[in-house]
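Let's look at how some helices pack against each other. Have the structure open and follow along.

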Amino acid sequence: MADFLTDEEQAERIRKAWRDYGLVIVLSVVLAIGGVIGWNMFQEHRADVRQEAADLFAEFENARGLMGPVDEIAQTIHEQYPNSSYEMFVYLYNAKDAADENEWEKSLGFLEQAHALAKDKTYQDMIRLRIARVEFQLDRLDDALASANQIGEGYEMASLELKGDIHRAQSDFESATTSYEEAVEMAQSYVERERISAKLATMPRTSETELESNTPSPEE
């Protein structure tokens with residue numbers, strides 16, 4: 001029908017539509033543009049924060065490598081980038097330093113803080129393995145075994161070897177032998193196989209292994 005309106009009538013309709021909806025149109029455009037600009041600024045801010053955190057953590061690692069003071073840098077990471085992967089790694093370094101000084105309780109506390117921040121399954125298993133080893137050092141054998149049982153496939157061989165150590169400390173030699181044997185089968189390197197095989201070779205003989213060794217072979 002608009003094809004049959006005169007130029008003047010069409011112009012009047014446009015003016016009326018602008019009076020009725022012009023402000024809404026303008027606001028919609030402004031909000032849309034503002035949203036895009038705001039999102040881009042937010043993304044840029046996040047990138048800047050990530051870069052600043054990475055730079056600060058690199059400074060932390062450099063200071064450690066040079067045996068310099070790191071407490072102030074670590075505190076800045078805790079304050080400015082809490083719940084981040086960088087804070088998790090700071091706790092892991094703290095745990096290692098404490099373990100090097102045989103401060104096992106302190107090391108365990110740092111590891112538990114790091115595990116609470118770990119979002120990736122691989123990191124969770126790695127830290128859980130370290131927790132189990134520290135618990136073993138503290139002679140908390142039941143806790144260590146429970147922690148080892150929570151470790152996933154990525155660290156299964158190391159977990160099996162540790163479970164062998166725990167079972168052996170508990171005088172459960174049959175379970176220890178089974179864990180060591182399974183660990184040997186999963187070992188990826190010559191060094192790993194030799195280390196675990198040496199543990200197997202020094203295992204006390206159990207009634208089950210004695211029975212197997214005394215059972216005549218079919219050829220006999």
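## What counts as parallel

Before we start, one bit of vocabulary: an angle under 35 degrees between two axes counts as roughly parallel, and one over 145 as roughly antiparallel. Keep in mind that this is a predicted model.

## α7 and α9

Start with helix α7, which covers residues 156–169. Its axis comes within 11 Å of the axis of α9, and the two cross at roughly 15 degrees. That's under the 35-degree cut-off, so α7 and α9 are roughly parallel to each other. Their crossing is left-handed.

Which residues make this contact? From α7 it's Met 157, Glu 161, Asp 165 and Arg 168, and from α9 it's Glu 192, Arg 195, Ile 196 and Lys 199. Sort the residues of this contact by type and you get six charged, two nonpolar and no polar.

## α8 and α9

Now swap α7 for helix α8, residues 173–186, and keep helix α9, residues 190–201. Here the axes come within 9 Å and cross at roughly 160 degrees. Because of that angle, α8 is roughly antiparallel to α9. α8 passes α9 in a left-handed crossing.

On the α8 side you'll find Thr 177, Tyr 180, Glu 181, Ala 183 and Val 184. They meet Arg 193, Ile 196, Ser 197, Lys 199 and Leu 200 of α9. How do the residues of this contact divide by type? Five are nonpolar, two polar and three charged.

Terms used
Residues numbered from 1 in each chain as written. Predicted model: local features only at pLDDT ≥ 70, side-chain atom pairs only at ≥ 80, totals over all residues. Heavy atoms only, no water. Axes fitted to C-alpha atoms, helices over the stretch in contact; angles between N-to-C directions. Helix = DSSP H or I, 4+ residues; strand = E, 2+ residues; numbered from the N terminus. Parallel < 35°, antiparallel > 145°, perpendicular 65-115°, else oblique. Left-handed = near helix turned anticlockwise from the far one by under 90°. Contact = heavy atoms within 4.5 Å. Nonpolar A, V, L, I, M, F, W, Y, C, P; charged D, E, K, R; others polar.
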